[in-house]
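User: I've got a chain open on my screen and I'd like to talk through how it is put together. Can we take it piece by piece?

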Amino acid sequence: MSINEALPNEQLKRARHEMAWTQTELAEKVGTTFETVSRWERGIKAPSAYYRRKLCDVFGKTAAELGLLVESDIVPVSGP
């Protein structure tokens, strides 16, 4: 994905703002750097499964609520 195609993750950013945390504070809570949090919020990079779980735990929200689901995570539902 190029920077031109990146879609910002407003849900993750909003959740961080609701907690009144800086990117640095969130990074410390999940064990990464503020640069990585910034990339997640700007949509340049998606968190790995490990960090998605940590983000869900820190915020007490689901991956869907934080805008962390990627197309490969969506399992098609088959009909009867």
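Here is a question-by-question walk through the model, which is a predicted one.

User: Let's start with the overall layout. Which pattern does the chain follow along the sequence?

Analyst: There are zero strands here, and the secondary structure comes to four helices. Buried residues make up 30% of the 80 residues in the chain. Read from start to end, the pattern is α-α-α-α.

User: Which helix gives the largest share of the largest nonpolar core?

Analyst: That core has 15 residues, and Leu26, Val30, Trp40, Leu55, Phe59, Leu66 and Leu68 have the most contacts inside it. Each of α1 (10-18), α2 (23-30), α3 (34-42) and α4 (49-59) puts in at least two residues. The largest share is four residues, and the helix behind it is α4.

User: Leu66 is on that list. Is it buried or exposed, and what is its relative accessible area?

Analyst: Leu66 sits in the segment after α4. Leaving aside neighbours within four places in sequence, it touches Asn9, Gln11, Leu12, Ala15, Leu55, Cys56, Phe59 and Lys61. The cut-off for buried is under 20%, so Leu66 counts as buried, with a relative accessible area of 0%.

User: How far apart in space are Leu66 and Arg14, C-alpha to C-alpha?

Analyst: In sequence, Leu66 and Arg14 are 52 residues apart. Across the chain, among contacts with a separation of 6 or more, 54% are between residues 24 or more positions apart. For Leu66 and Arg14, the C-alpha to C-alpha distance is 8.7 Å.

User: What does the side chain of Asn9 reach?

Analyst: Asn9 lies in the segment before α1, and it is buried, with a relative accessible area of 10%. Its contacts beyond four places in sequence are Trp40, Glu41, Gly43, Leu66, Gly67 and Leu68. At 3.0 Å, the Asn9 side chain reaches the backbone oxygen of Gly67.

User: Now α2. Why do its buried residues end up on the same side of the helix, and what arc do they cover?

Analyst: The buried residues of α2 are Leu26, Ala27 and Val30. What covers them includes α1, α3 and α4. They are on the same side of α2 because the arc they cover around the axis is only 100°.

User: Which residue just after α2 takes a positive phi?

Analyst: We're looking at the spot just after α2, where phi is about 85°. The residue with that positive phi is Gly31.

User: How many residues apart in sequence are the parts that the Trp21 and Phe59 pair ties together?

Analyst: Trp21 and Phe59 are one of three aromatic pairs, and theirs is tilted, with 5.4 Å centre to centre and 40° between the planes. Both residues are buried. Trp21 lies in the loop between α1 and α2 while Phe59 is in helix α4, so the parts tied together have a sequence separation of 38 residues.

User: Which charged residue sits over the ring of Trp21?

Analyst: The charged end in question is 4.7 Å from the centre of the Trp21 ring. It belongs to Lys29.

User: And Tyr50: which residues form one aromatic cluster with it?

Analyst: Tyr50 is exposed, with a relative accessible area of 53%. It pairs edge-to-face with Tyr51, at 5.0 Å centre to centre and 80° between the planes. In the cluster, Tyr50 is joined by Tyr51 and Trp40.

Conventions. Residues are numbered from 1 along each chain as its sequence is written. This is a predicted model: local features need pLDDT of at least 70, side-chain atom pairs count only at pLDDT 80 or more; totals for chains, interfaces and linings use all residues. Side-chain values use heavy atoms; hydrogens and water are left out. A nonpolar core is a set of buried Ala, Val, Leu, Ile, Met, Phe, Trp, Tyr and Cys residues joined through side-chain atoms within 4.5 Å. Buried means under 20% relative accessible area, exposed over 50%, partly exposed in between (1.4 Å probe, protein chains only). Contact means heavy atoms within 4.5 Å. A polar contact is a pair of N or O atoms within 3.5 Å; within protein, one must be able to donate a hydrogen and the other to accept it, and residues adjacent in sequence count only if both atoms are side-chain atoms. The arc is that of the directions from the helix axis to the C-beta atoms. Rings of Phe, Tyr and Trp (its six-membered ring) pair if their centres lie within 6.5 Å; planes under 30 degrees apart count as stacked, over 60 as edge-to-face and the rest as tilted. A charge sits over a ring if NZ of Lys or CZ of Arg is within 6 Å of the ring centre and within 35 degrees of the ring normal.
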